[in-house]
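Okay, thanks for letting me grab the slot. I'll put the thing on the screen and then just talk you through it.

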Amino acid sequence: MSALPELVLVHGAWHGAWAWEQLLPVLAERGWTAGAVELPSAGSKAGVAADGEALRARLDATPAPKVVVGHSYGGTVITQAGAHDTVVGLAYVCAARPDVGDVVWKDPHSPEEVPYWIRVDDEEEACFVEDSRKILYNDCPEEIVAAAQARLRGQSLASFLEPVTAAAWRERPYAYLICEIDNCVPAEAQEELAEGAGHIERLEASHSPFMSRP
């Protein structure tokens, strides 16, 4: 039996590598080698390109075969940088799966593009999530919600406005996890994003299954 590939976990907007803290020990118990990437776009003005470079640096660190796992906006990052020589597959967790040239928003001030629960701050060149309890953590224990809310940061506007320049899912096999009670990315939208996946799983979980159902 061949060894399991490494798992490289890529967090979503407003979060950090800390988002995976509850999942990592579960993976270790089950025999997986896993680590989380810290994306510069959360807490700075960096965008998709810089996040992609952060992921590539992590992939360059070892020659082991890897599966990159992207949550939410992290799906954009693994799409941007996941066609690396060491990557054998991609896994999207209620995540974006853009194509080359796609952006999250064309206009950061358009109510048709920007959800009501996101506040855009032009001076800081960042956006902030509001009502995170309802949108991101609706099935998480209160203590988990409070701890996560205390660590959320502003997300750079550049990460939502910069176009993707590569589409790793066109070059590597990919799987998709649909979270069925997600208030951020509706399950119907995830069904569309999962089209073409070699494997699809469904979980009755919110937008943060690694916290509510690790």
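I'll start with the overall picture, go through the strands and one helix, and finish with a handful of single residues.

First thing to keep in mind: this is a predicted model. On the secondary structure side, we've got 8 helices and 9 strands. The radius of gyration comes out at 16 Å, and the globule rule gives 17 Å for 214 residues, so the protein is as compact as a globular protein of that length. If you lay the C-alpha trace along its principal axes, it spans about 50 × 40 × 30 Å.

How much of the protein counts as buried? That's 52% of the 214 residues. And if you take the contacts with a separation of 6 or more, 65% of them are between residues 24 or more positions apart. The accessible surface is about 9800 Å², with 53% of that belonging to carbon and sulfur atoms.

For those of you thinking about electrostatics: there are 16 positive side chains and 33 negative ones. The centres of those two sets sit 4 Å apart.

Okay, strands. Let me begin with the parallel pairings. β1 runs parallel to β2, and the two share 4 bridges. If you want a spot to click on, Leu9 has Ala36 of β2 as its bridge partner. Strand β2 itself covers residues 34–37, and its side chains alternate. Gly35 and Val37 point to one face and are buried, while Ala34 and Ala36 point to the other face and are not. That's the textbook picture, really: in a regular strand the side chains alternate between the two faces of the sheet.

Next, β4 and β8, where β8 is residues 174–179; these two are also parallel, with 4 bridges joining them. Leu90 is the residue standing opposite Tyr174 in β8. Then β8 goes on to pair with β9, residues 199–203, again in the parallel sense, this time over 5 bridges. There you can look for Tyr176 opposite Ile200 of β9.

Now, which strands make up the open sheet with antiparallel pairing? It's 3 strands, in the order β5-β6-β7. The edges are β5, at 118–121, and β7, at 155–156, each pairing on one side only. Between β6, which is residues 126–129, and β7 there are 2 bridges, and Ala126 faces Ser156 of β7.

One helix I'd like to pull out is α3, residues 74–81. Is it covered or not covered? Mostly covered: 8 of its 8 residues are buried. That list includes Val77 and Ile78, along with Thr76, Thr79 and Gln80. As for what they pack against, it's β1, α2, β3 and β4.

Right, single residues. Two of them are in the loop between β2 and α2: Glu38 and Ser41. Glu38 is partly exposed, with a relative accessible area of 41%. Ala17 is 21 residues away from Glu38 in sequence, but 5.0 Å away in space, C-alpha to C-alpha. Leaving out neighbours within four places in sequence, the contacts of Glu38 are His11, Gly16, Ala17, Ala54 and Arg153.

Ser41, on the other hand, has a relative accessible area of 0%, so it counts as buried. Setting aside residues up to four places away, Ser41 touches several others, among them Asp51, Tyr73, Gln155 and Ser159. Ser156 is in that set too, and you'll remember Ser156 as the residue in β7 opposite Ala126.

If you check backbone torsions, here are two to look at. Trp14 has a phi near 70°, which is positive in a residue other than glycine. It's in the loop between β1 and α1, and Trp14 is buried, at 5% relative accessible area. Glu125 also has a positive phi, near 55°. Glu125 is in the loop between β5 and β6 and is partly exposed, at 39%.

Last one: Asp131, in the loop between β6 and α4. Asp131 is partly exposed, with a relative accessible area of 42%. How far is Asp131 from His11 in sequence and in space? They're 120 residues apart along the chain and 19 Å apart C-alpha to C-alpha.

That's my tour, and I'm happy to rotate the view if anybody wants another look.

How values were computed
Residues numbered from 1 in each chain as written. Predicted model: local features only at pLDDT ≥ 70, side-chain atom pairs only at ≥ 80, totals over all residues. Heavy atoms only, no water. Rg over C-alpha atoms; globule rule 2.2 N^0.38 Å. Buried < 20%, exposed > 50% of the residue type's maximum accessible area, 1.4 Å probe, protein only. Contact = heavy atoms within 4.5 Å. Areas by Shrake-Rupley, 256 points an atom, 1.4 Å probe, with all protein chains shown as cover. Lys, Arg positive; Asp, Glu negative; His and termini not counted. Charge placed at Lys NZ, Arg CZ, Asp CG, Glu CD. Pairing = 2+ DSSP bridges.
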